[in-house]
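Trainee: Let's take this one question by question. I'd like to see it before we start.

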Amino acid sequence: MGSVSLKIGDGTARFKRSTLFSSAINLLMLFSIVTTNLFALYAFSSRSQSHTPHPLHSNNVSLVSQHLSLILREIDSSHRTLSLMEKQMIGYESLDLSHPEVPQELKLFLQQHQLPLGKDSRTGITQMVASVGHSCEMSLDLLSQYMAYNVFEKCPDDWSLAQKLILRACEPLPRRRCLAKTVHKSGLAWFPDSLWRPVSNSSVNWSGLGCKSFECLKGKKLSRDCVGCFDLATSHEKDRFVKVKGKTDFLIDDVLGLSDGKIRIGFDISSGSGTFAARMAEKNVNIISNTLNIDAPFSEFIAARGVFPLFMSLDQRLPFYDNVFDLIHASNGLDIAVSNKPEKLEFLMFDLDRILKPGGLFWLDNFYCGNDEKKRVLTRLIERFGYKKLKWVVGEKTDVEVYLSAVLQKPARI
């Protein structure tokens, strides 16, 4: 007995002589196999020579056979259940791709591709599977419309359709093999002048929006965080984070002073036009701003200012690794029906906690609580994380409106 080893370099396979110990083991295994087969042959031959088998023995054999059949059925059922679970986890297996109106591009994108060398030793995968949101099944008509295009030609001007799918939790969207509409970015200023320079109407794609110019957006209340926020010349926008207008307003310098100069990168989920990221950029802090183009071109406007927009809904898992951000700034973009679905806010808060580093700051900025009960729900949730309260201010702007501002520090958990 022996083993074969390939020596790379000389192109030959050489036989390595077995040791005395390995030979003894191999002989022992061979003896065991032969002995077992002889006993099995003797047992079967003895049973065949017996013309009157014992009734009790026959009953035992029948009972064992029944149990064995039951075990095999359970194993088969478990295999089917596991296969179904795998398909559900992949996400798109529930899509009815046999429908005649489903575009060929969608079928091609979702097709599984076997790895040429079988199972990958590092990742454990055996095939490449495309990513698509599991809720796309509920919007197959819109998804089919989104994937209907001519390959290698210009994409339809349908970003609003893509956003509609994202808001319906069809995220991530499938990739497409077409060229997106080109909008020439004329008149963009160099950084840092770009932070406060007006953005040209011609550098933005206005399709799918009610307004077709920034003049139309002036004075509009697009959200609680964006009231005329596209007009960078007004004092309302230029004074944000650098001048106090109420007791729930915190200054950037004061918040940065709580971190001993350890704030380098952050994530902003307030629904504004990038002013927070612009002010932080002036302090040499890089901020990623979560955006969606709800009634206005937020993403393009933020990018034109020279800061980073991330086009994404907050319903999906945040695409960042654990413990990477020094700061998270959240305002009313955090509000996802706290009073009606508190579990939904919990999922988001746990994900924000995941990406915030130990010792990092969570800045809750003028969060609209609506009433005391909503404030208590949010307060109880925050206290469960064990954050240290560096700042905590509650203010009432009217008899029924309650606002909460806080700066919290994530603990180092062991």
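Trainee: Is Asn284 buried or exposed?
Mentor: You need the cut-offs here: buried means under 20% relative accessible area, exposed over 50%, and partly exposed in between, with a 1.4 Å probe and protein chains only. Asn284 has a relative accessible area of 70%. That value makes Asn284 exposed.

Trainee: What pLDDT do local features need here?
Mentor: Residues are numbered from 1 along each chain as its sequence is written, and side-chain values use heavy atoms, with hydrogens and water left out. This is a predicted model, so totals for chains, interfaces and linings use all residues, side-chain atom pairs count only at pLDDT 80 or more, and local features need pLDDT of at least 70.

Trainee: Back to Asn284, then: what is its phi?
Mentor: Asn284 sits in the loop between H9 and S8; helices (H or I, at least four residues) and strands (E, at least two) are DSSP runs, numbered from the N terminus. Its phi is positive although the residue isn't a glycine, with a value near 65 degrees.

Trainee: Which other non-glycine residue has a positive phi, near 70 degrees?
Mentor: Look in the loop between H5 and H6. The residue there is partly exposed, with a relative accessible area of 32%. The one with phi near 70 degrees is Ala169.

Trainee: Which peptide bond leading into Pro172 or Pro192 is cis?
Mentor: Pro172 lies in the loop between helix H5 (159-167) and helix H6 (214-217), and Pro192 is in the loop between H5 and H6 too. The bond from Glu171 to Pro172 is cis, with omega near 10 degrees. Omega is also near 10 degrees for the cis bond from Phe191 to Pro192.

Trainee: How far apart in space are the C-alpha atoms of Pro297 and Val204?
Mentor: Pro297 belongs to the loop between S8 and H10, and at 1% relative accessibility it counts as buried. Leaving aside neighbours within four places in sequence, its contacts (heavy atoms within 4.5 Å) are Val204, Trp206, Leu209, Phe214, Leu217 and Phe230. Val204 is 93 residues away along the chain, yet the C-alpha separation is 7.1 Å.

Trainee: Is Ile294 buried, exposed or partly exposed?
Mentor: Ile294 is in the loop between S8 and helix H10 (298-304). Not counting residues up to four places away in sequence, Ile294 touches Gln163 and Leu167. Its relative accessibility is 37%, so call it partly exposed.

Trainee: What end-to-end C-alpha distance does H12 have, against what should be expected?
Mentor: The expected span of a helix is 1.5 Å times one less than its number of residues. H12 (residues 372-384) has 13 residues, so it should span 18 Å. That agrees with the C-alpha ends, which are apart by 18 Å.

Trainee: Which residues of H12 are buried, and why do they end up on the same side?
Mentor: The buried ones are Lys374, Lys375, Leu378, Thr379, Leu381 and Ile382. They cover an arc of only 165 degrees around the axis (taken from the directions from the helix axis to the C-beta atoms), which puts them on the same side of H12. An α-helix has 3.6 residues a turn, so residues three or four places apart point the same way. The cover over the buried residues of H12 includes helix H11 (342-355), strand S11 (356-368), strand S12 (388-396) and strand S13 (402-409).

Trainee: What do the buried residues of H11 pack against?
Mentor: H11 has buried residues including Leu345, Leu348, Met349 and Ile355. Their packing partners are strand S7 (265-268), strand S10 (325-330), S11 and H12.

Trainee: How much space lies in the largest cavity?
Mentor: On a 1 Å grid over the protein atoms alone, a cavity is a set of points where a 1.4 Å probe fits but cannot get out, and lining residues have an atom within 4 Å of a point. Volume here is the space filled by probe spheres set on the points, which are joined across faces, edges and corners. The lining has 13 residues, with Asp268, Ser270, Gly272, Gly274 and Phe276 nearest the centre. The space comes to about 80 Å³.

Notes:
1 Å grid on protein atoms, 1.4 Å probe; cavity = no way out; pocket = protein on both sides within 12 Å on 5 of 7 lines; lining within 4 Å.
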